[in-house]
Amino acid sequence: MVPPQKLFRFLLTALVRGGVPAAAAALAGCTSLYFPPPPHAPLLTQKGEFYGSISTNQQNNFAFQGAYAFADHLAAAGTFSSLHRAKGDKTENFDFAEASVGYFTRIPDKRVLEVYVGAGGGGTDRTERNPEQLTMRRLEGSLSKVFVQVNYASKKKRSVHLGHHDFPLSYGTALRLSYVQLNNFRIDGQGQAPIGNVIFEPITFTRVQLAGPFQLQLMSGQAFGFHPNDYLKAANSVFQLGLIIGLGGSNSWKPGAQ
């Protein structure tokens, strides 16, 4: 049995490894008007399976996700991401929705592979203020996006033992390539030219089986932009901690399953 303090150290290490790069990236890219929604990774295994999740991060960026296998090897997925925060020097608002269709399969060694293609859109704005709380600049616009994503579940196995219970861990990777465009862009009401960027997001995630269909998920990764610009940077990294639920699927690929 692993003592509670060892479990705490394990979870703390995972949080630090994901959270410190995310916080550093956020500080380095504070001018970005794009906050990447977390890639969805339902890891579906059979027709009729449902996946849902709710997650958040240190920036209070909430994400709600769902996926459903409507046919053998075919699924539909959706994400809604929202961030609304006010600080002393700025106020930021971001709402974004995505939809995708995908193919899933189980490969011979019981791992899961998924490929999705999708599109999304939403709105973003930021109001910047000086120390006297006077508005210095306002930026606003709409966002559009198309993407392709590959999800892969690792066969690596590990469990955390706490008390008389085992909590199996599963691991995976999500690779997303997106084209994002900032449209209807205005600075202090003055129209600006549209801005586009190609963004690559390599993501890893760890899931802890809690009870029944419920799992705790830690997702972390970095976004890389191929066309640097001042307002549509890939500077806000992906770091989400959330609760997921899976119903109707096969668990034979998961750690601890027979």
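## A hairpin to start with

Strands 5 and 6 make a hairpin, with 5 residues sitting between them. Look at the turn and you'll find Q133 with a positive phi of about 70°. The two strands run antiparallel and share 17 bridges, with strand 5 covering residues 112–129. One pair to pick out along the way is R126, which faces L139 of strand 6.

Keep in mind that this is a predicted model. The chain as a whole holds 1 helix and 13 strands, and the order along the sequence puts the helix ahead of the strands: α-β-β-β-β-β-β-β-β-β-β-β-β-β.

## Following the pairing from strand 6

What does strand 6 pair with besides strand 5? Strand 8 is a partner too, antiparallel, over 14 bridges. Here S144 sits across from Q181 of strand 8.

Strand 8 carries the pairing on to strand 10, again antiparallel and again with 14 bridges. S170 and R207 of strand 10 stand opposite one another in this pair. So far, then, the trail goes from strand 5 to strand 6, on to strand 8 and then to strand 10.

## Strand 10 and its other partners

Strand 10 also pairs with strand 11, in the antiparallel sense, over 8 bridges. These two form a hairpin as well, with 2 residues between them, and G212 in the turn shows a positive phi of about 55°. There is also a short stretch with strand 12 (residues 224–225), antiparallel over 2 bridges, where I199 has G225 as its bridge partner.

A211 is a handy landmark in strand 10. Its bridge partner in strand 11 is F214. Is A211 buried, exposed or partly exposed? With a relative accessibility of 47%, A211 is classed as partly exposed. A211 also lies 8.6 Å from F167, C-alpha to C-alpha, with 44 residues separating the two in sequence.

## On to strand 13

From strand 11 (residues 214–221) the pairing goes on to strand 13, antiparallel over 8 bridges. F214 turns up again here, this time opposite I245 of strand 13. Strand 13 (residues 238–247) also runs antiparallel to strand 1 (residues 50–56), joined by 7 bridges. I245 shows up in that pair too, as the bridge partner of G52.

## Two loop residues with positive phi

H73 is not a glycine, yet its phi is near 75°. You'll find H73 in the loop linking strand 2 (62–71) and strand 3 (74–86). H73 counts as partly exposed because its relative accessibility is 36%.

D188 is another non-glycine residue with a positive phi, near 55°. It belongs to the loop between strand 8 and strand 9 (190–191). At a relative accessible area of 46%, D188 is partly exposed as well.

## The nonpolar core

Which residues touch the most other members of the largest nonpolar core? Out of 18 residues, they are Y34, F94, L143, L182, F185, Y231 and L232. Strand 4 (90–106), strand 6 (135–153), strand 8 (165–187) and strand 10 (195–211) each put in at least two residues. Strand 8 gives the largest share, with 4 residues.

L143 is a good place to zoom in. Leaving aside residues up to four places away in sequence, its contacts include L33, Y34, F94, F96, V180, L182 and L232. G120, G121 and G122 are also among the residues that L143 touches, along with T124 and Q181. In soluble globular proteins, nonpolar side chains tend to be buried together.

## Whole-chain numbers and a cavity

Of the chain's 258 residues, 46% count as buried. Among contacts with a separation of 6 or more, 64% are between residues 24 or more positions apart. The exposed surface comes to about 12300 Å², and carbon and sulfur atoms make up 63% of that.

How many cavities of 30 Å³ or more are there? The count is 1. The largest cavity has a volume of about 50 Å³. Its lining is made of 11 residues, and P36, N57, N61, S237 and Q240 lie nearest the centre.

Conventions: Residues numbered from 1 in each chain as written. Predicted model: local features only at pLDDT ≥ 70, side-chain atom pairs only at ≥ 80, totals over all residues. Heavy atoms only, no water. Core = buried A, V, L, I, M, F, W, Y, C linked by side-chain atoms within 4.5 Å. Buried < 20%, exposed > 50% of the residue type's maximum accessible area, 1.4 Å probe, protein only. Contact = heavy atoms within 4.5 Å. Pairing = 2+ DSSP bridges. Areas by Shrake-Rupley, 256 points an atom, 1.4 Å probe, with all protein chains shown as cover. 1 Å grid on protein atoms, 1.4 Å probe; cavity = no way out; pocket = protein on both sides within 12 Å on 5 of 7 lines; lining within 4 Å. Points joined across faces, edges and corners; volume = space filled by probe spheres on them.
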